[in-house]
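Grab a pencil and keep the 3D view open. Here are some short exercises, each with a worked solution.

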Amino acid sequence: MVRRGDSPTGAGRAAGVALGALNDLTRRRAGVDHPGLYPNADNPWTDQLARRLRVLAGEELARAPDPGHRHVIAARWRAAALLEDSPVEAARTPVYDIAWRVYAADCARMTGQPLIAECAWKGGWAALAPACDRLAQGRAGLKLVCAMADPETALGDMTLAEACAFRISAFAPAGDRVLLAFYGGADGWRSEAGFTLFAYTTGERDLNPAG
């Protein structure tokens with residue numbers, strides 16, 4: 001996908017934006033509601049995450065401009081008319097729940113995809129397994145999985161977090177970077193509301209705490 005002269009946006013930059021957006025999401029919504037209250041297909045948490053990704057990606061571009069390329073966040077926007085101004089454009093055809101794409105300046109071709117995300121907030125493994133399969137088939141600098149679930153939940157001989165990571169790894173090429181984000185409220189398996197995060201590289205055996 002990447003050729004000489006294409007966008008330098010990589011997994012490290014995308015991971016920083018993703019972590020910032022998840023932290024912002026916690027600050028904005030943790031005292032209001034939780035993502036398990038809404039259907040996965042029309043969830044305000046997913047919409048808010050996409051908005052924060054777009055804002056933070058725009059701030060990254062302001063610090064390190066990427067001339068000759070157009071950056072786009074694609075999502076199923078709710079109240080699209082209320083989107084903030086940003087050098088990162090908004091599109092409505094995400095394929096995944098959220099996708100950060102980079103195009104040549106004339107939009108003649110897509111030159112990169114820094115991030116793709118699937119937000120299976122509710123439904124447990126039955127919802128997460130197909131979400132992981134979709135991410136496994138994608139090409140991106142970073143693949144983000146979001147759920148509202150305890151990552152230490154036993155799933156056979158694995159934890160839920162391991163099952164998600166290894167499900168992606170079973171089909172994706174080795175070396176793909178994955179970020180797993182499990183949200184919990186203060187009255188559940190976490191002592192305070194927020195995300196428990198894991199970083200994973202496909203082909204490896206271990207997950208690492210992130211964030």
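**Exercise 1.** Are Trp121 and Phe195 buried or exposed?

*Solution.* Keep in mind that you're looking at a predicted model. Trp121 is buried, and Phe195 is buried as well.

**Exercise 2.** Work out how the rings of Trp121 and Phe195 are arranged.

*Solution.* Start with the idea behind it: an aromatic pair is described by how far apart the ring centres are and by the angle of the planes. Next, the count: searching the whole structure turns up 6 aromatic pairs. One of them is Trp121 with Phe195, with 6.2 Å from centre to centre and 50 degrees between the planes. To be stacked, the planes would have to be under 30 degrees apart, and to be edge-to-face, over 60. The pair is therefore tilted, since 50 degrees fits neither class.

Now find the partners along the chain. Trp121 sits in the loop between strand S4 (110-119) and helix H3 (124-137), while Phe195 belongs to strand S9 (residues 194-201). They are 74 residues apart, so this pair links distant parts of the chain.

**Exercise 3.** Classify the pair made by Phe182 and Phe198, and say where its members lie.

*Solution.* The ring centres are 6.2 Å apart and the planes meet at 75 degrees, so call this pair edge-to-face. Phe182 is in strand S8 (residues 177-184) and Phe198 in strand S9, so the pair ties together parts 16 residues apart in sequence. Then check the burial, where the cut-off is under 20% relative accessible area. Phe182 comes out at 1%, so it is buried. Phe198 has 12%, so it counts as buried too.

**Exercise 4.** Which residues are linked into a cluster by ring pairs?

*Solution.* Look for Trp45, Trp121, Tyr183 and Phe195: ring pairs link them into a cluster.

**Exercise 5.** Check the length of helix H2 (residues 44-63) and see what happens at its start.

*Solution.* H2 has 20 residues, and at 1.5 Å a residue the expected span is 28 Å. The C-alpha atoms at its ends are 29 Å apart, which agrees. Next, the surroundings: 16 of the 20 residues are buried, so H2 is largely enclosed by the rest of the structure. Finally, zoom in on the start of H2, where a side-chain oxygen of Asn43 comes within 2.9 Å of the backbone nitrogen of Trp45.

**Exercise 6.** Describe how H3 and helix H4 (residues 160-169) pack.

*Solution.* You need two values here, the angle between the axes and the distance between them. For H3 and H4 the angle is about 30 degrees, and the axes are 8 Å apart. Angles under 35 degrees count as roughly parallel, so that's the label for H3 and H4. As for handedness, H3 passes H4 in a right-handed crossing.

**Exercise 7.** What is the phi of Val95, and what is the phi of Cys107?

*Solution.* Most residues other than glycine have a negative phi. Val95 has a phi near 65 degrees, a positive value. Val95 is in the loop between strand S2 (89-91) and strand S3 (98-104), and its 63% relative accessibility makes it exposed. Cys107 also has a positive phi, near 60 degrees. Cys107 lies in the loop between S3 and S4 and is partly exposed, at 36%.

Methods
Residues numbered from 1 in each chain as written. Predicted model: local features only at pLDDT ≥ 70, side-chain atom pairs only at ≥ 80, totals over all residues. Heavy atoms only, no water. Phe/Tyr/Trp six-rings, centres within 6.5 Å; stacked < 30°, edge-to-face > 60°. Helix = DSSP H or I, 4+ residues; strand = E, 2+ residues; numbered from the N terminus. Buried < 20%, exposed > 50% of the residue type's maximum accessible area, 1.4 Å probe, protein only. Expected span 1.5 Å × (residues − 1). Polar contact = N/O pair within 3.5 Å; in protein donor to acceptor, adjacent residues only side chain to side chain. Axes fitted to C-alpha atoms, helices over the stretch in contact; angles between N-to-C directions. Parallel < 35°, antiparallel > 145°, perpendicular 65-115°, else oblique. Left-handed = near helix turned anticlockwise from the far one by under 90°.
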